[in-house]
Amino acid sequence: MELRHLRYFSAVADTLHFGRAARRLHVSQPTLSHQIHQLEEEVGTPLFERARTGVRLTQAGELFRTYASRALEDVNAGLSAVGALRGLATGALRVGYPPSMRGLVVPALAAVLRRHPGLALSAQEAVVRKLERQLAAGRLDVGLGYAPARLADLDAEPVFDSRLTLVVARGHALAGAESVGMKVLAEEPFALLSRGLRVRARVDAHFAAMRFAPRIALESNAVATVLAIVRAGLAVTVLPEPRLADAERLVVKRLSPAPRSELAALLWRKGAPRTPAAELFAAEVRARAKEDAG
């Protein structure tokens with residue numbers, strides 16, 4: 001018994017007509033009849049009743065159809081899986097993320113590339129509103145942002161709770177505190193992300209709610225610059241989940257009272273097929289976000 005026997009059998013079972021089944025399979029009707037006869041000989045019993053009025057399945061044919069359909073489904077699934085694996089070997093992955101999530105995204109991309117070195121990776125770091133536009137336009141396969149997404153064309157899959165926390169240098173006087181209240185920070189210089197960025201809007205909203213006016217020593221649109229100043233002991237900062245940004249030689253402290261959190265999310269284009277590479281990257285992000293929350 002060969003795979004073609006199952007395909008020929010399924011075509012006749014679906015159409016209950018040898019002529020129509022032959023046209024579907026692009027073979028001659030005698031060839032089809034011969035293949036079905038070979039299959040029936042191997043099974044040891046007729047699978048079809050042939051009459052002038054048409055063709056119908058025998059009881060054995062009805063039973064065999066269930067297993068033949070299942071076997072063909074398994075073969076097709078296997079072909080799809082192999083095709084997906086081939087795509088991971090030679091395909092591409094385009095990812096967009098905000099700077100505050102670099103520390104989460106880079107290890108996830110590295111894990112994907114280690115497993116599939118043939119992939120061509122493209123990583124775009126930008127503000128969330130720009131990433132959403134790029135994703136909606138089909139110029140990215142998957143993005144990182146927040147739930148809910150601003151654009152109706154996007155779906156947001158929450159992956160972790162993004163909390164604002166205080167970041168100080170390891171040798172800072174506040175490094176040993178369990179939590180830090182706003183009064184304690186009155187005399188501290190701050191390095192903050194630039195106005196117009198979503199993270200800065202969150203920080204400003206919390207400061208306003210606390211009636212706190214920070215003494216700003218530096219503003220930058222780059223998280224790396226902000227953290228470099230903090231690492232040097234020249235300022236403190238407030239960022240979402242700094243461990244996901246870059247916690248080397250830095251200490252993360254809870255703010256008291258705790259700021260309102262947001263849901264960080266994987267962003268997908270609605271209705272668009274998800275590539276195997278994008279799904280693999282998303283799985284890495286989910287796993288790392290779970291570890292960070294744990």
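**Salt bridges and surface patches in a predicted model**

Good morning; I would like to begin with two residues, arginine 202 and glutamate 262, both of which are buried. Please keep in mind throughout that what we are looking at is a predicted model.

Arginine 202 and glutamate 262 form a salt bridge, with their closest N and O atoms 3.4 Å apart. Because arginine 202 belongs to helix α7 while glutamate 262 belongs to strand β13 (residues 262–269), this pair ties together parts that are 60 residues apart in sequence.

Staying with helix α7, which covers residues 198–209, we also find arginine 200 there, and this residue is buried, with a relative accessible area of 1%. If we set aside residues up to four places away in sequence, arginine 200 touches Leu192, Leu193, Ser194, Arg195, Ile216 and Glu219. Arginine 200 is also part of a network of salt bridges that links Arg195, Arg200, Asp204 and Glu219. By contrast with these contacts, the C-alpha atom of arginine 200 is separated by 72 Å from that of threonine 58, a residue 142 places away along the chain.

Within that network, let me turn to the salt bridge between glutamate 219 and arginine 195, where the closest N and O atoms are 2.8 Å apart. This pair links distant parts of the chain, since glutamate 219 sits in strand β10 (residues 215–220) and arginine 195 in the loop between β9 (189–193) and α7, 24 residues apart. As for how open these two are, glutamate 219 is partly exposed at 38% relative accessible area, whereas arginine 195 is exposed at 58%.

In total, the count comes to 17 salt bridges, and one further example joins the side chains of glutamate 178 and arginine 254, at 3.7 Å from N to O. Here glutamate 178 lies in the loop between β7 (164–169) and β8 (179–181) and arginine 254 in strand β12 (residues 250–256), so the pair ties together parts 76 residues apart in sequence. Glutamate 178 is exposed, with a relative accessible area of 63%.

Let me close with the surface, where Arg129, Lys130, Arg133 and Arg150 gather in a patch of positive charge. Of these, lysine 130 lies in helix α6 (residues 128–136) and is partly exposed, at 35% relative accessible area. There is also a nonpolar patch on the surface, formed by Leu3, Val75 and Leu79, which together have about 230 Å² of accessible area. Leucine 3 is found in helix α1 (residues 3–15), and its relative accessibility of 32% makes it partly exposed.

Conventions. Residues numbered from 1 in each chain as written. Predicted model: local features only at pLDDT ≥ 70, side-chain atom pairs only at ≥ 80, totals over all residues. Heavy atoms only, no water. Patch = residues over 30% accessible without salt bridge, like charges linked within 9 Å, V, L, I, M, F, W, Y side chains within 5 Å. Areas by Shrake-Rupley, 256 points an atom, 1.4 Å probe, with all protein chains shown as cover. Salt bridge = Lys/Arg side-chain N within 4 Å of Asp/Glu carboxyl O. Lys, Arg positive; Asp, Glu negative; His and termini not counted. Charge placed at Lys NZ, Arg CZ, Asp CG, Glu CD. Helix = DSSP H or I, 4+ residues; strand = E, 2+ residues; numbered from the N terminus. Buried < 20%, exposed > 50% of the residue type's maximum accessible area, 1.4 Å probe, protein only. Contact = heavy atoms within 4.5 Å.
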